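Trainee: I've got a model open and I'd like to learn how to read it. Can you walk me through some features?

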Amino acid sequence: MDFSPFKAALRLAQLDKVGECLSQHVMQHHEVMVKGMNLVRELEKDLRVSNVICMNGRRHLASSMNEVSRDLIVNSYAKKKQALVDMLPILTELHRVVDLQASLESLVEEGNYCKAFQVLSEYLQLLDSFSEFSAIQEMSRGVEVWLGRTLQRIDSLLLGVCQEFKEEAYITVVDAYALIGDISGFVEKIQSFFMQEVLSESHSVLKNILQEDQGVPLQNSRLTYSDLCLQIPESKFRQCLLRTLAILFRLMCSYHEIMAFQLENKDLAYQASNVRKESDNSCQSAEIQQLDSKAKVNIHSEENKSSLSQSVAMPSLSTTERSSATTSLDDPLQTAGFMHADAHHQVDEVRTDDNEVSSSGSPWYVLRKDATAFVSQALQRGRKNLWQLSTSRVSVLLSSAVVGSMSIHQFLKDYEDLNVFILAGEAFCGVEAVEFRQKLKIVCENYFAAFHRQSISAVKMVLEKENWQKLPPDAAQAISFPGLVGDGASLLGKSDRLSNPSRLLNLVDMMAKESGFTSWLKSGNPFSPKQAPTSKGHNSSLLNGEISAEYDGDFSGNHGDNVSSRNNDGSDVNGDNVLEDENEDLLADFIDEDSQLPSRITKLSGTKIYSSQLKNDDTTAQTGSSVCLLRLMDKYARLMQKLEIVNVEFFKGICQLFAIFFYFVFETFGHESSNPSGKNSSNSLNYRLKTALSRVTQDCDQWIKPQLAPNSASPTSLSTYADLTPSPTSHSSATSFGLKERCAAADTVSLVARILHRSKAHLQSMLLQSNPTIVEDFFVHLVDSVPDLTVHIHRTTARILLHINGYVDRITNAKWEVKELGLEHNGYVDLLLGEFKHYKTRLAHGGIHKEVQDLLLEYGLEIVAETLIEGLSRVKRCTDEGRGLMLLDLQVLINGLQHFVSINVKPKLQVVETFIKAYYLPETEYVHWARAHPEYSKNQIVGLINLVATTKGWKRKARLEVLEKIE
């Protein structure tokens with residue numbers, strides 16, 4: 001509180017001091033201050049004047065501003081009005097652009113693509129005029145979208161044309177692409193669409209069928225076509241094949257119709273219709289008929305000109321059109337721009353009716369004609385690609401595993417359908433389907449391999465269970481094998497599409513050569529269900545129907561017990577194609593194993609023709625195995641006619657079937673445990689039989705070696721009673737066959753050989769062009785050796801039944817070093833005569849024919865001679881009197897044997913006498929004698945020389961020289 005008064009006093013003192021200083025200063029400068037005051041008053045006066053002047057100026061400025069403002073408003077309104085006036089034409093054009101845009105959309109929705117592209121040219125002109133506007137730029141970008149969408153719709157329409165040809169839709173697409181100016185791209189799209197359709201349709205067919213079969217959708221919908229083919233069941237394969245072929249044929253038909261489309265044909269038809277209309281108004285009925293006939297002739301001639309055999313001339317395109325052919329659709333705006341430049345002169349030529357388009361002077365007509373001609377020629381060059389892709393899809397389908405396991409009836413029907421498809425494809429593309437025919441041949445070969453394996457197994461099973469009993473005469477007479485002898489039995493029943501495929505395919509091929517693919521178009525799709533023949537065998541067209549069924553003379557035999565024929569009704573034998581009643585199927589005797597169709601048992605009258613060609617022995621020599629073998633060979637022979645593409649393989653199958661039968665008969669009846677001559681089984685065979693067996697083991701090694709182990713007949717197992725009693729049906733390895741069975745085997749193999757000889761000419765005729773030498777080779781090396789086999793079987797039978805194998809040692813051990821020749825013969829002679837007497841008794845009670853008995857007795861004499869020679873060749877010491885005793889024994893034996901046989905015995909035993917008398921030959925004659933008598937074995941000749949050298953005291957060197965020369 002003391003501080004504040006002090007400050008206030010100080011401040012007052014300072015102010016007083018400043019005021020005093022200021023007063024002093026003013027007083028000192030008083031004059032200057034007065035002058036300054038005057039200047040201030042003058043300044044104040046000037047300021048008042050200036051204020052007045054400023055106020056007046058502000059008032060004038062405000063007035064001027066009001067006037068200028070009014071003038072500016074008027075001016076701005078005038079400019080806006082002028083701008084709006086100038087924008088009216090632009091807005092009008094923009095409104096037209098919008099209308100054109102809407103018109104494009106509506107025309108596309110209506111499918112009027114030609115008019116749409118005409119509008120598009122004008123639309124693009126307007127867009128080019130206002131390209132600086134952002135809205136126009138946006139609309140320009142929308143043209144690309146519209147053009148892409150329109151091309152998609154056109155392509156979808158084109159795809160429909162490819163699936164099923166429709167003239168109106170095709171013309172619409174052609175006109176659209178002609179206006180675009182991309183005909184070459186149009187052709188490429190057509191070919192691409194057909195390729196896509198082949199792939200997609202064939203895949204969808206299999207997928208749908210498998211889904212129907214399984215009842216539920218496939219678990220993996222991304223399965224490839226080849227995977228689907230592997231999953232096809234056997235029951236659905238034919239359905240898959242027929243649907244696939246039907247689709248491929250439909251696509252080929254559509255492709256051909258597009259390729260063969262020509263405006264000239266349509267113009268002639270149109271002109272002819274106009275002529276007929278004018279004639280209806282101006283002429284009488286007779287004149288009208290004349291005009292109709294002329295028009296029909298012209299149309300028919302033009303249709304022939306448009307067939308595939310006639311080449312389509314290359315259209316003479318203008319320079320602009322040729323340049324447009326290289327335009328790509330990758331840039332829609334560029335394409336649209338070119339279309340505008342190319343068709344600007346045609347915008348005003350709107351098609352009002354068909355008369356303008358059909359007029360030869362119309363630009364529309366010229367454009368369409370050139371386009372269709374170009375498309376036709378391009379498709380004609382590319383049709384092979386479609387055919388190759390179609391065959392590749394079918395080839396993959398044929399690679400399915402079920403092809404090899406289907407029945408022969410189904411396979412033949414599939415084969416005939418494939419042959420029809422091949423002929424249609426060859427008529428379509430104009431060249432031979434070499435690759436697909438080769439693929440079909442491979443499929444047939446694979447099927448034959450599987451079928452042949454089954455046949456071989458069946459023959460082996462029948463042979464292993466064969467009881468070698470001959471069939472009853474009545475059953476044997478009902479058997480015929482028309483396929484082998486050339487009667488042309490059919491494997492297919494009445495319901496088959498083609499009863500004689502080779503004849504029908506030749507007719508189809510002839511028709512195709514005359515009219516190209518046109519005949520196939522007229523006849524319809526041969527693979528569609530509508531074209532399939534009914535089970536009653538109705539006749540239809542040549543391609544879709546069937547020829548009357550032929551006589552089917554196949555039979556089914558179960559080891560000779562049940563033999564039934566498999567032919568059709570008697571009317572078919574006479575060539576009458578009579579429709580069967582439905583109840584006939586209910587009265588069938590059996591179901592045919594090949595065709596799975598009801599069949600009737602053959603009446604005996606149907607086999608009289610065939611049975612009259614056979615001898616009585618032929619009809620009674622059949623066994624179950626021979627019937628089974630001949631039925632299979634008969635089926636093979638008929639398959640050679642059906643499947644001509646692999647008939648060589650089927651003939652080889654016939655050869656192998658007979659070879660296995662031949663080898664089994666030899667292995668069963670051609671062996672014995674011991675041989676009195678000291679030879680093994682192979683050494684006792686002649687050259688031709690040995691060669692035949694060697695070829696059989698080489699050609700059929702895979703069929704013979706693993707499983708074929710037939711029962712060998714052992715001589716020790718054939719007792720006196722076993723020789724007279726047939727063996728049971730089921731026999732083990734310890735059981736052997738009796739006399740009757742052995743003779744039946746020899747007779748039946750001879751019968752099979754005779755039937756094969758009877759069929760030789762027919763087999764050669766079927767293989768004349770394929771491999772003519774294979775038939776001759778088969779008969780020369782195998783069939784002609786059957787007589788040697790039967791002789792070997794009979795000789796083996798005689799050797800087994802004669803029971804004289806032990807007499808070789810008895811003859812050798814007899815006393816031949818006698819000093820004097822008496823009147824008594826050795827004891828083995830009586831024993832031999834006793835054995836031969838028992839042998840004759842066995843033959844007499846064996847149930848065989850008298851001719852066979854005499855033949856076996858003759859072979860028995862030969863065996864006795866071989867036994868004597870073998871025994872005498874083993875004698876170590878003998879005197880001249882002993883040689884005389886040998887001749888005495890031989891004479892007694894001849895006289896005794898003469899009582900048992902009707903033929904002269906001495907010539908049969910002459911070989912023994914010659915061997916005995918060789919004892920008296922000079923030393924130098926033995927080499928020549930040995931070479932002159934090849935009927936003696938080497939061991940027998942060596943034994944004779946050793947005996948003579950020992951008895952006559954030859955030197956060792958001389959004996960060795962003689963033996964060396966003989967060897």
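Mentor: Sure, let's begin with a loop: H803 has its place in the loop between α32 (786-802) and α33 (807-813). Keep in mind as we go that this is a predicted model.

Trainee: What is the phi of H803 near?

Mentor: Here's the general idea: most residues other than glycine have a negative phi. Now the case here: phi of H803 is near 60°, a positive value in a residue other than glycine. H803 counts as partly exposed, because its relative accessibility is 27%.

Trainee: And where is W468 found?

Mentor: W468 is found in the loop between α16 and α17 (473-477). W468 is not a glycine either, yet its phi is positive, about 55°. With a relative accessible area of 1%, W468 is buried.

Trainee: OK, on to rings. How many aromatic pairs does a search of the whole structure find?

Mentor: The general idea is that a pair of aromatic rings is described by the distance of the centres and the angle of the planes. A search of the whole structure finds 33 aromatic pairs. Take W387 and F436: their centres are 6.3 Å apart and their planes are at 75°, so the pair is edge-to-face, given that over 60 degrees counts as such.

Trainee: Where do W387 and F436 sit in the chain?

Mentor: W387 is in helix α14 (residues 363-398) and F436 is in helix α16 (residues 434-464). The two are 49 residues apart, and the pair links distant parts of the chain. Both W387 and F436 are buried.

Trainee: Which residue forms an aromatic pair with F436 at 6.2 Å centre to centre?

Mentor: That's F421, and the pair is edge-to-face, with 80° between the planes. F421 belongs to helix α15 (residues 408-429), F436 to helix α16, and they are 15 residues apart. For burial, the cut-off is under 20% relative accessible area. F421 is at 0%, so it is buried, and F436 is buried too, at 4%.

Trainee: Which residues form one aromatic cluster?

Mentor: F194, F249, Y255, W387, F421, F428, F436, F517, W520 and F527 do. You've already met W387, F421 and F436, which are among them.

Trainee: Which charged end sits over the ring of Y225?

Mentor: The charged end of R393 does, 3.8 Å from the centre of that ring. K952 gives you another case: it lies over the face of Y919, at 5.3 Å from the ring centre.

Trainee: Now charges with charges. How many salt bridges does the structure hold?

Mentor: It holds 19 salt bridges. To read one, look for a side-chain nitrogen of Lys or Arg within 4 Å of a carboxyl oxygen of Asp or Glu. D634 and R638 meet in a salt bridge at 3.0 Å, N to O. Both lie in helix α25 (residues 624-642), four residues apart, about one turn of the helix. D634 is buried, and R638 is as well.

Trainee: With which residue does R795 form a salt bridge?

Mentor: With E866, and the closest N and O atoms are 2.4 Å apart. R795 lies in helix α32 and E866 in helix α35 (residues 850-873), so this pair ties together parts that are 71 residues apart in sequence. R795 is buried at 17%, whereas E866, at 24%, counts as partly exposed.

Trainee: What about R799 and E866?

Mentor: Their side chains meet in a salt bridge too, at 3.1 Å, N to O. R799 is in helix α32 and E866 in helix α35, so the pair ties together parts 67 residues apart in sequence. R799 counts as buried, at 7% relative accessibility. R795, R799, E858, E862, E866 and K908 are linked in a network of salt bridges.

Trainee: Last one: how many disulfides does the count come to?

Mentor: Zero. The two sulfur atoms would have to be within 2.5 Å. For C229, the nearest cysteine sulfur is that of C240, 8.1 Å away, and C229 is in no disulfide. C229 counts as buried, at 1% relative accessibility. C240 is in no disulfide either, and it is buried, with a relative accessible area of 0%.

Notes: Residues are numbered from 1 along each chain as its sequence is written. This is a predicted model: local features need pLDDT of at least 70, side-chain atom pairs count only at pLDDT 80 or more; totals for chains, interfaces and linings use all residues. Side-chain values use heavy atoms; hydrogens and water are left out. Rings of Phe, Tyr and Trp (its six-membered ring) pair if their centres lie within 6.5 Å; planes under 30 degrees apart count as stacked, over 60 as edge-to-face and the rest as tilted. Buried means under 20% relative accessible area, exposed over 50%, partly exposed in between (1.4 Å probe, protein chains only). A charge sits over a ring if NZ of Lys or CZ of Arg is within 6 Å of the ring centre and within 35 degrees of the ring normal.
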